[in-house]
Each structure stands twice: as C-alpha cells, then as structure tokens.
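Biologist: Before we go through this protein, could you set out the terms you use as we meet them? I would like to start with the charged side chains and then turn to the interior.

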Amino acid sequence: MSINYSNISEKIMKSLQGYGFQVKMFDSSNGKSVANPQDAKYFYVEVPNMMVHLDTQTDELKLHLGERTDIDDNNIDKLIKLLRNMARVNTLDFDIRTFGKHIEPKNYAHEIEKN
C-alpha cells in the first residue's frame with residue numbers, strides 16, 4: 001500500500017489550524033515557504049513553539065516541541081493524540097521530542113540539505 005503524503009500534509013495543516021495555531025509551511029527540497037499544504041513537509045508553529053515534520057524518507061511523522069511548550073496544555077495533548085493516530089492510520093512511525101531551546105525553521109536547514 002502506498003502512502004499518500006499529499007493527503008497527510010493537508011490533514012496536518014488542517015489539524016493545526018483547527019486548534020487555532022498560525023502555521024507556516026515549508027517544502028523538503030529547498031526549505032522554501034509554500035502556500036499549498038500538499039507541497040509542505042515541514043509545519044512550523046511559532047506559538048506554542050513546535051515543528052511537525054512529515055519525513056517521506058523514513059515514513060515517519062515527527063513532532064518537535066520547543067523549550068516552553070507545555071505538553072500538559074489541553075490543546076497540545078489533544079494534538080499529540082491526533083497526530084499519533086494519524087501516523088498509525090497511515091502506517092507511519094510517530095516520534096515526539098522536546099528540545100531545550102526555541103525552535104526555528106532555520107534549525108531544520110541541515111535536514112533539507114541532507115535530502
């Protein structure tokens with residue numbers, strides 16, 4: 001069964017917006033900002049500080065949380081459960097990590113260069 005990454009990307013964007021987050025989307029080939037969610041593989045939310053990465057190389061959905069992101073917040077908890085379920089339904093691995101610093105899109109430039 002092939003994975004429809006475009007469909008998953010759109011669901012990620014809609015989920016983040018559904019929780020009232022302002023989302024900036026980036027592609028995985030050159031890190032440029034994109035307007036079409038189907039082209040996005042990185043979804044950056046400044047407040048609260050987090051990045052969702054749909055990794056097509058490893059078939060993994062990654063959620064990275066910044067230093068001040070409260071995982072006990074009701075919306076964050078629901079989002080984590082929603083993304084975990086989305087990964088499971090689409091046969092993707094789910095990875096969640098908390099970082100001790102403020103996350104910026106530029107922190108992911110090395111990942112884009114690797115691709």
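Modeller: A salt bridge is a side-chain nitrogen of Lys or Arg within 4 Å of a carboxyl oxygen of Asp or Glu. This is a predicted model, in which local features need pLDDT of at least 70 and side-chain atom pairs count only at pLDDT 80 or more, while totals for chains, interfaces and linings use all residues. Residues are numbered from 1 along each chain as its sequence is written, and side-chain values use heavy atoms, with hydrogens and water left out.

Biologist: Which residue meets Asp95 in a salt bridge?

Modeller: Side chains of opposite charge can pair when their charged atoms come close. Asp95 counts as buried because its relative accessibility is 15%, where buried means under 20% relative accessible area, exposed means over 50%, and partly exposed lies in between (1.4 Å probe, protein chains only). The N to O distance in its salt bridge is 2.8 Å, and the partner is Arg97.

Biologist: Is Lys14, which meets Glu10 in a salt bridge, buried or exposed?

Modeller: The N to O distance between the side chains of Glu10 and Lys14 is 3.4 Å. Both residues lie in helix α1 (residues 5-18), four residues apart, about one turn of the helix; helices (H or I, at least four residues) and strands (E, at least two) are DSSP runs numbered from the N terminus. Glu10 is partly exposed at 23% relative accessibility, whereas Lys14, because its relative accessible area is 52%, is exposed.

Biologist: What is the N to O distance in the salt bridge of Lys62 and Asp55?

Modeller: Lys62 and Asp55 are both buried. The side chains of these two residues meet with an N to O distance of 3.2 Å.

Biologist: Which side chain is joined to that of His53 by a polar contact?

Modeller: His53 lies in strand β3 (residues 50-55) and counts as buried because its relative accessibility is 5%. A polar contact is a pair of N or O atoms within 3.5 Å; within protein, one must be able to donate a hydrogen and the other to accept it, and residues adjacent in sequence count only if both atoms are side-chain atoms. At 3.4 Å, the side chain joined to His53 is that of Tyr42.

Biologist: Which element gives the largest share of the largest nonpolar core?

Modeller: A nonpolar core is a set of buried Ala, Val, Leu, Ile, Met, Phe, Trp, Tyr and Cys residues joined through side-chain atoms within 4.5 Å. The largest has 26 residues, and those with the most contacts inside it are Ile12, Leu16 and Phe43. Its largest share, six residues, comes from α2.
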